[in-house]
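This report introduces a structure to someone who has not met it before. Please look through the sequence and the model, and then read on.

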Amino acid sequence: MYKPVPTKGDFPTLEHEILRLWDERQIFQKLALRNRGNDRFSFIDGPITANNPMGVHHAWGRTYKDLVQRYKAMKGFDQRYQNGFDCQGLWVEVEVERALGLDSKRQIEEYGLAQFADRCRERVLTYADVITQQSVRLGMWMDWPNSYYTMSDSNIEHIWHFLKRCHENGWLYKGWRAMPWCARCGTSLSQHELIGTDSYRDVVHPSVYVRLPIVDRPGEYFMVWTTTPWTLAANVALAVHPELDYARVQVDGAVYYLSAKTVSPVFRNDPPVLGTVKGADLVGWRYRAPFTELEALVDVDPRVVPWTDVGEEEGTGIVHIAPGAGPEDFELAKVQGLPVIVPIDENGEYYAAFGPLAGKSALTVHPEIVASLERTGMLHRAERIEHRYPTCWRCGQEIVFRAVSEWFISCEEIRPRMIEAARTVEWNPASAGKRMEDWLNNMGDWCISRKRYWGLPLPFYPCDACGTMTAVGTMDELRERAVSGLDQLRELHRPWIDGIRIRCSACGAPVTRITEVGDCWLDAGIVPFSTLGGGYINDRTEWARWYPAEWISEMREQIRLWFYSMLFMSVTLEERSPYRHLLTYEKLLDETGRPMHKSLGNAIWFDEAAERMGADVMRWLYAGQSLQNNLLFGYGPAEAVRRDLLTLWNVYSFYVTYAETEQFVPRRPTGQDTAGSGPGRDGTSLGSTGLLSDFLLRMWPLTTDEGPSRPQTGAAASPPPTGGSRTDRWILSQLATLVVYANDRLEAYDAAALVTAVDRFVDDLSNWYVRRSRRRFSRSASPEDREAAFSTLHACLVTLSRLVAPFIPFVAEEMYQNLVRSWDASAPESVHLTPYPAADASLIDLELDREMELARAIVTLARAARNEAGIRVRQPLPSVTIASEAAALQLSDELRREIADELNVKQVYIAEHVDTFARRVVRPNPRILGPRLGARFPEVARALLEGEYAIQADGSVRVNEHLLGPDEVSMTLESLPDQSVKEDLQLHGRLAVALDRTTSPELRAEGLAREIVHRVQTMRKDAGLSVPDRVELDYLASAAVRTVFATHGARIRSEIGAIEVRDLTVDDQTRPAGRPDGVLTWRGTLDGEEITLMLRRVP
RNA sequence: GGGCCCGUAGCUCAGCGGCAGAGCAGUCGCCUUAUAAGCGACAUGUCGAAGGUUCGACUCCUUCCGGGCCUACCA
């Protein structure tokens, strides 16, 4: 009936089988269809960049997305299951450039924009396909054919709609400002892009001290320091702090001005100071700029300006200002009315007006600048300095600053509204919300333009004639306004879109689009509008059914990226957050804590990880990770996780092995639907009780007609079962506790809590329930008991498979198929089609939980006592006695028997007081008591020695009129003879357990019998025999051992599965003449007795 | 400079008001016809530091130290 379960647990192989099963039976499609029309659960997938295969860090996030969607599906919610691909932007362009061997914007234009766009699209589609296959392998269920692409016309159109709204709000402006600029990529970088993971690097730069002659003060100079000498060519001013003291210093006949505190570090000694002036006094002074002869600077009149941001921790307290090449300089220039000279073009090369520098690259021009300064006598000193400097996140090139015109969206009006909207979101972890608020408080205007090719075409049409800027909001509007080029508009991308001219909305003159494309975070941020329902523009009613998203999840850096851009766009269009709950997680590192890098050789590729670890192991690892910590990912940690899952697998394997051997068939619950259509073997080999399995399957039915909005009531109305042992009911109480907890945590999207709880439950199930119940599965006392055990374990495993199905869908499916579908063809086809087990506390029995906890504590203490006494568990002992000084011990006969069996003792006694087996010894702590009691100390010590004291409930001790605190005395138990005592002062009011070590010849014989059984079992295992195999055992032994066989022969025979046990001993010297084939022999000493065992399998 | 997170056993991390825990590594054992495994015992901790709140603090508050992330106009 059951499929045999290999004990090895080869997860990757299993996963491929399950993938095939899902595919053949179209399980996902059936699930989506079944839930259609129910209450909705709206999730939005953050678009994954379709530019490379996905990595193990993506798999982490995708695990959250999948498990939440699977959980909600089991709860019956209708979902969209739409995956998203991010398609546009510089990252795609860079990869395509590399593939085509292009190295500049010029080369791209020579290659041809249309072709280039096609190559970009091809790359995106290629990797979208790769990522889809990888995600399927991970077990992710999505409506893959319906994935959205941010390069689609619809997505672009929705962004246009947003931009037009911004324009109507008066937020759009064309700004002239110094932007971080990548000379290689030929584009400015946004604030977002500047902050990428690898953006800041330690870089060695020239550090140059320059002396600039002061006009009308011969022999006097301003001392200036810079780490970007190339910007000196665009110097137009010097800035001083008006409040700072500036020293006039004489060195080698010249006079230098620099801030007082920087004199020593700059000159490396203390030259004579001629006087001190305030910065304010220097304002307005004129000086000769370093490259004053350049044509570009012909109209510049360099002078000193005040600036309160000037400091003197580094440099000279006099700051070189080049507004065309530095962001702060630019801001200062606006205030001071300084000219903005832009020295370099978009490729980082000096413009023609820079004479000898023209055409040279800012990145490599340093030596020439220094040489020139030397020639003109302006160089004081040139050094090198290592500091953190931003680099282009995509190509690694150092960035420069360049004043350019870009398009911005003003943030001032929307900032408070976004903060308000962000406060309505439930952030998980909560710190994500604080980070978002911090980001919003500090965000600058959003620079949305990029001077590139493969991206969202900004729909801005400025009119030279009247100065109006027309922002096109939809495709229809474009068609309606177009005056030419519409016929060759293949798609909303360059170059096709560039060919269109439209009528200016104000004067009707034909106008052309700006050439810039948009920031890719516009592409991603519009997704709540472009992808939900039929799209915001097209079908507002259907859209509104899915908006806002109930839950989204991405890594933490998305706070300032995707979460931010979505929030921005959504507050603009709908004045609210587009998501209600949000989950973020930290970074994925290698198992030693280093970032994974190709260059470090420590990167783990998803495909390899999936085949080596298995997707379920990865998922369990991911899901168990706490959100506030980085995840250390690798084969080491995965092995630990695999062992956790293997424990579950082994319990499952155990059940199947014995259910098959013992021909146990679960019953369909009598109350379930489709009565009469059950399997042929329905109930055939069962005893009559059936109460437990019956109840459990009604408790958590495999099917439900109820919708997601109404939680199942299960069997709460029916009385709890009375059948089964206390151990059965205990594990079911644990299970019910777990189900309640799982529901509670998953409603809060707290996956890690469930992982921890399931691991603990599986440990209880394996190491206590199965360990204690093992015998009931093979040699049970009664059919009822056997059925109770089987049905309990079956219910645990089936329910567990459903609880973990969202997390480890493959293992869960395997278990379910074998445990349920193998005998019940009418059950749902897949575990993922069953409802999630509903929270119902009626099975939770706290009293029983406490009792079992006590029993296990007793076992732990007694095992410690055995350990200490050096008596192995196989040797039976007369008794253990337990006592508690504070609490009355309630222990049922049944659990006493469990304890006795587990500890291999004949009796378990409960004593009124430890006095019956030990003596409480209280000794004074002289170090504390001596000083406190002084002269009375000896008297107290004597009283303690003579037992004249009383121990209080709180552990303090009363001696005559003195009350001694727990730390003032030491208390130990002194065992009576033949007792080994262990106590736990923290459990159940000072729980103490005494193990009676006395043995008798009878007990020793019994112990020896168990030794023999153990020895033979080991031989069986070594011989590779399986459970049903039967054997014959021959032995040669001493008289003492022969007595053991005589007394315990029946038991030995049964335990080892022997058909016959023969004594071949004639006398102590005799050996059998020959040895039959297939005999395994062991000769040695057991408990001091010589013995020879010969084992043969009976065919 | 501002914001956020993390500091618990040798390592990786749970716990987050009520007597310090797990896994791995170590030592010594045990058990086993579910477990190419498992289990137990032992050992290992001023729960980053100092104050405060509280009957009680690893847990809450303040400050500081260390690590990381984000942000910021320091040339």
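Which residues of helix α28 are buried? In this predicted model, the buried residues of α28 are Met852, Leu854, Ala855, Ile858, Leu861, Ala862, Ala865 and Arg866. The helix itself covers residues 846–869, 24 residues in number, and reaches 35 Å from its first C-alpha to its last, which is close to the 34 Å expected at 1.5 Å a residue. Just after α28 comes glycine 870, whose phi is positive, at about 70°.

Nonpolar side chains in soluble globular proteins tend to be buried together. The largest nonpolar core of this model has 277 residues, and those with the most contacts inside this core are Phe222, Met223, Leu238, Ala239, Leu797 and Val993. A second core, separate from the largest one, has 20 residues, among them Leu1008, Ala1009, Leu1036 and Ile1052. As for phenylalanine 222, when its neighbours within four places in sequence are left aside, this residue is in contact with Leu212, Ile214, Leu238, Tyr257, Tyr287 and Ile318.

Alanine 753 belongs to helix α25, which spans residues 751–778. Because 16 C-beta neighbours lie inside 10 Å of alanine 753, this residue counts as partly exposed. Its C-alpha atom is separated by 8.7 Å from that of serine 626, although the two residues are 127 residues apart along the chain.

Further along the chain there is a sheet with helices against it. The sheet is open and consists of 4 strands in the order β39-β38-β41-β40, with mixed pairing. Its edge strands, each pairing on one side only, are β39 (1058–1063) and β40 (1079–1086), and the twist from one strand to the next averages 20°. Strand β38, made of residues 1030–1037, runs parallel to β39 and is joined to that strand by 5 bridges; aspartate 1034 has arginine 1062 in β39 as its bridge partner.

Two helices that meet these strands are set out below.

| Helix | Residues | Strands met | Angle |
|---|---|---|---|
| α32 | 1001–1022 | lies across β38, β40 and β41 (1089–1098) | about 145° to β40 |
| α33 | 1039–1056 | touches β38, β39 and β41 | about 170° with β39 |

Helix α32 thus lies across the edge strand β40, while helix α33 packs on the sheet and touches β39, the other edge strand.

Definitions and conventions
Residues are numbered from 1 along each chain as its sequence is written. Chains are lettered from A and ligands numbered from 1 in the order in which they are written. This is a predicted model: local features need pLDDT of at least 70, side-chain atom pairs count only at pLDDT 80 or more; totals for chains, interfaces and linings use all residues. A nonpolar core is a set of buried Ala, Val, Leu, Ile, Met, Phe, Trp, Tyr and Cys residues joined through C-beta atoms within 7 Å. A residue is buried if 20 or more other C-beta atoms lie within 10 Å of its own, exposed if 12 or fewer, and partly exposed in between; C-beta atoms are placed from the backbone. Two residues are in contact if their C-beta atoms, placed from the backbone, lie within 7 Å. Helices (H or I, at least four residues) and strands (E, at least two) are DSSP runs, numbered from the N terminus. The expected span of a helix is 1.5 Å times one less than its number of residues. Two strands pair if DSSP finds at least two bridges between them. Axes are lines fitted to C-alpha atoms, for helices over the stretch in contact, and angles run from 0 to 180 degrees between N-to-C directions.
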